[in-house]
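Visitor: Could you walk me through some local features of this model?
Guide: Gladly, let's look at it together.

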Amino acid sequence: MLLFNYEDKKAEDGEAMQDRVDQFFEKNGIKIEDILYVYHAKKHTCVMTTSGTLYEMTAPLKEVTVKLPESDFWNIQKGVYVAKRHIADIDRKHNYIMTDGKVFEGRHRTPGEHNLHHKELFGDYPPQNRTKAQKEKDFLERKLPVLTM
């Protein structure tokens, strides 16, 4: 009599899915540092890169986000992960404006979390009415290392 162990099957499927995610990233030349954001849409996981290419895969969002370092990505709402380094602004309504112009709404039930995110990235909260030039300067300072002599 053969017994089917569901837990073993689950573990094997999880490992196989991780291998498929790794293969997909490698095949398409996707590097973690090039990912702007990852989101779930219509049974697909979508990965947007800095090159402007949107990759769609059938792997579950959870399996893809396991690959993303928690220190570099925030889960701002169900099914949406954004790269901290590619956030251009977080407005007073907790909308995350990405460097490519895409806007994601943050969770409504956790405004304090978004305030902390804003403070971590921009050093002020509540958000000041900064000019576009100030926002661009803030973004560039966060992205480029400061050289001291």
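Visitor: Which residue just after α3 takes a positive phi?
Guide: This is a predicted model, where local features need pLDDT of at least 70, side-chain atom pairs count only at pLDDT 80 or more, and totals for chains, interfaces and linings use all residues. Residues are numbered from 1 along each chain as its sequence is written, and side-chain values use heavy atoms, leaving out hydrogens and water. Helices here are DSSP runs of H or I with at least four residues, strands are E runs of at least two, and both are numbered from the N terminus. Just past α3, a positive phi of about 75° belongs to G123.

Visitor: What span should helix α3 have?
Guide: The expected span is 1.5 Å times one less than the number of residues. Helix α3 has 12 residues, 111-122, and its end C-alpha atoms lie 16 Å apart, which agrees with the expected 16 Å.

Visitor: How wide an arc do the buried residues of α3 cover?
Guide: Buried means under 20% relative accessible area, exposed over 50%, and partly exposed in between, with a 1.4 Å probe and protein chains only. H114, H117, H118, L121 and F122 are buried in α3. They sit on the same side of α3, because the arc they cover around the axis, taken from the directions to the C-beta atoms, is only 100°.

Visitor: Which residue in β2 stands opposite Y39?
Guide: Strands pair if DSSP finds at least two bridges between them. Strand β1 (residues 35-41) runs antiparallel to β2 (residues 44-49), with six bridges joining them. Opposite Y39 in β2 is C46.
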